[in-house]
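Here are a few exercises to work through with the model open in your viewer. Try each one yourself before you read its solution.

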Amino acid sequence: MVMLSIPTTTTTTAQQEAVRAGRAARRRRRRIALVVMTAVVLALVCAMLMLGNTIYPVSDVVAVLFGQHVQGASFTVGTLRLPRALTGVLAGIAFGVAGSTFQTMLRNPLASPDVIGITSGASAAAILSLVVLHWSGPTTMALAIVAGIVTAVVIYLAAAGGESTGGRLILIGIGVGAMLDAVVAYLLVRANVYDVSVAARWMTGSLNGSRMEDVPALALAVIVLVPLVLVLSRDLSALELGDASATALGVRVDRTRVLLLIAAVALACVATATTGPIAFVAFLAGPIASRIVGAATSLVLPAALTGACLVLAADLLGQFAFDTKFPVGVITGILGAPYLLYLLIRTSRRGGSS
């Protein structure tokens, strides 16, 4: 009998080449996507600085940004539009990274800070500050941040233990968020008309009235916390495989999860305290980024850029696409609500069939 030798070495080499080619293609797709998304963000910022009741040319905008005095443009661009654009970019980055981190870590697209009640905690504290305590500015921001962190800790502790922590956390978070929304409704009913109007504008999520004084705190949070999430992004990808697999890969699961929770909650709360709860940006940024760059890669930077694009584009639509000007949160709510319904229906069908 003649024995045929199997060319295992050739087969293995071909497989390795295919794997390397696939990785190179994914890296190339990711780089191209990041460059394009960055360009889109810059284009949207330019549009926000140029467009308004008065349209300024690029030369005037650039002159103002470099500190030159331009009649009319210095105030309109430098004092009104620039803080609005910067706040939109930074808030979008913060919401996008926070939402993507929660969704990846808990392996559930519903696990977004605005869905599981964390931003509701910050919102309730901010409304209490505005309509009851009559505080404003940094004090309101600090109270909202502390309340959001406390809400996250309560939800996490209530859901801790057992095998399905992620699922319980989402359900408990939705319940806590509903209770906090009821608290907000009660505070608004008891408040006077002027306070209600101020609180209502804030509750919709808006870039109106953005001030340069509010930008440093938001910028500091983004500069400190986004790199932290980036450093932990490899461990974050391992957590997506489950705690047992992540532990086998050498990830310190509890420490990594706590650090990621702190970073994501702080980003969501600082952004909420600055702009109000802009609906569904944290919820949408991760899935959209995943569709653009592919799922088998870190979503931190793509989600950050996607969040910035969503906030800036929605604000431009709210300002110029309709006869009435709408806050950015109204536009993102219109975009995000149908996707949330679709996701709930799909999840329900999967649960029912399993």
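The exercises below concern a predicted model.

**Exercise 1.** Find how helix 3 and helix 13 are oriented to each other: roughly parallel, roughly antiparallel, roughly perpendicular or oblique.

*Solution.* Start with the ranges: helix 3 spans residues 73–105, and helix 13 covers residues 300–320. Next, take the axes, which come within 7 Å and cross at roughly 135°. Angles over 145 degrees count as roughly antiparallel, and 65 to 115 as roughly perpendicular. The crossing fits neither range, so the two helices are oblique to each other. As for handedness, helix 3 passes helix 13 in a right-handed crossing. Now look at who makes the contact: helix 3 brings residues including Gly 88, Gly 92 and Gly 96, while helix 13 brings, among them, Ala 304, Gly 307 and Ala 308. Sorted by class, this contact has ten nonpolar, six polar and two charged residues.

**Exercise 2.** Identify which helix gives the most residues to the largest nonpolar core, then follow Leu 267 to its contacts.

*Solution.* The core holds 107 residues, and Leu 267 is among those that touch the most other members, as are Ile 93 and Val 97. Helix 3 gives the most to this core, with 14 residues. Setting aside neighbours within four places in sequence, Leu 267 contacts several residues, including Ala 94, Val 97 and Ala 98.

**Exercise 3.** Is His 134 buried or exposed, and what is notable about its phi?

*Solution.* First, locate His 134 in the loop between helix 4 and helix 5. Its phi is positive, about 60°, although the residue is not a glycine. Finally, exposed means over 50% relative accessible area; His 134 has 53%, so it is exposed.

Methods
Residues numbered from 1 in each chain as written. Predicted model: local features only at pLDDT ≥ 70, side-chain atom pairs only at ≥ 80, totals over all residues. Heavy atoms only, no water. Helix = DSSP H or I, 4+ residues; strand = E, 2+ residues; numbered from the N terminus. Buried < 20%, exposed > 50% of the residue type's maximum accessible area, 1.4 Å probe, protein only. Core = buried A, V, L, I, M, F, W, Y, C linked by side-chain atoms within 4.5 Å. Contact = heavy atoms within 4.5 Å. Axes fitted to C-alpha atoms, helices over the stretch in contact; angles between N-to-C directions. Parallel < 35°, antiparallel > 145°, perpendicular 65-115°, else oblique. Left-handed = near helix turned anticlockwise from the far one by under 90°. Nonpolar A, V, L, I, M, F, W, Y, C, P; charged D, E, K, R; others polar.
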